[in-house]
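The report below describes a single chain and its sheet, beginning with one side chain and widening from there to the strands around it.

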Amino acid sequence: MKKNKSLKVSIVMGSQSDYKTMQLTEKTLKKIGVSFETKIISAHRTPKRMYEFASTAEQNNIGVIIAGAGGSAHLPGMIAALTPLPVLGIPIESKKLKGLDSLLSIAQMPKGIPVGTLAIGEDGAINAALLAAAIIANTNPTVKKNLNNLRIQQTKAVKKKPK
Ligand code: RP5
């Protein structure tokens, strides 16, 4: 693996239909100046693509994988099984069960292969980016500074009284 400084985040999702949510992950990473790539990879529709991606992720300079999936959302767990890299899962808000199916599929990993599970939908998409940035920040001072600044701005933006 190359020097930690250039580690990037890989954003993957099961379907084009997930991109509306996953765009928020991209937007948040951009704000913090974290390098990333984005791909559609489906555990059940493109299993070979998933295997190829996950088994080569570490050698491809990826530091964190963010995987969004909906329904029987096995993508994050399957990727985590194929790589030692940290995998963060975003449960996409499904039409039928409002993402509860996605949440339980991603969160309830049996012991041995962990997936860091975020909240359902948009909150999860944003928080996954912030968490990935915090992991990258351990070895990247610029990202650390940007992340700290973002949090300071967020704190300042909270008014003391409601209008
Ligand atoms: C999952 O199935 C995807 O992650 C998506 O959330 C869900 C539905 O996919 P589409 O039928 O919209 O392509 O694999």
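Does Lys8 count as buried, partly exposed or exposed? In this predicted model, Lys8 counts as partly exposed, because its relative accessibility is 23% and the partly exposed class lies between the cut-offs of 20% and 50%. Glu37, at 19% relative accessibility, counts as buried, because the buried class takes in values under 20%.

These two side chains meet in a salt bridge, with a distance of 3.5 Å from N to O, and the structure holds one such bridge. The pair links distant parts of the chain, since Glu37 belongs to strand 2 (residues 36–40) and Lys8 to strand 1 (residues 8–13), and the two residues are 29 residues apart. Side chains of opposite charge can pair when their charged atoms come close.

| Residue | Relative accessibility | Class |
|---|---|---|
| Glu37 | 19% | buried |
| Lys8 | 23% | partly exposed |

The strand that carries Lys8 deserves a description of its own. Five of the six residues of strand 1 are buried, so strand 1 is largely enclosed by the rest of the structure. Strand 1 is joined to strand 2 by five bridges, and these two strands run parallel; within strand 2, Phe36 is the residue opposite Val9, while Ile40 is the residue opposite Met13. Strand 1 also pairs with strand 3 (residues 62–69), again in the parallel sense, over six bridges, and here Ser10 has Ile65 of strand 3 as its bridge partner.

The connection between strand 1 and strand 2 can be described as well: together with helix 1 (residues 19–32), the two strands make a right-handed β-α-β unit. On the scale of the whole sheet, five strands form an open arrangement in the order 2-1-3-4-5, with parallel pairing. Its edges are strand 2 and strand 5 (116–117), each of which pairs on one side only. The salt bridge described above thus involves Glu37 of an edge strand, strand 2.

A separate feature concerns the surface. Leu97, Leu100 and Leu104 form a nonpolar patch there, with about 290 Å² of accessible area together. Of these residues, Leu97 is found in the loop between strand 4 (87–91) and helix 4 (100–107).

Methods. Residues numbered from 1 in each chain as written. Predicted model: local features only at pLDDT ≥ 70, side-chain atom pairs only at ≥ 80, totals over all residues. Heavy atoms only, no water. Salt bridge = Lys/Arg side-chain N within 4 Å of Asp/Glu carboxyl O. Helix = DSSP H or I, 4+ residues; strand = E, 2+ residues; numbered from the N terminus. Buried < 20%, exposed > 50% of the residue type's maximum accessible area, 1.4 Å probe, protein only. Pairing = 2+ DSSP bridges. Right-handed = clockwise from strand over helix to strand, strands pointing away. Patch = residues over 30% accessible without salt bridge, like charges linked within 9 Å, V, L, I, M, F, W, Y side chains within 5 Å. Areas by Shrake-Rupley, 256 points an atom, 1.4 Å probe, with all protein chains shown as cover.
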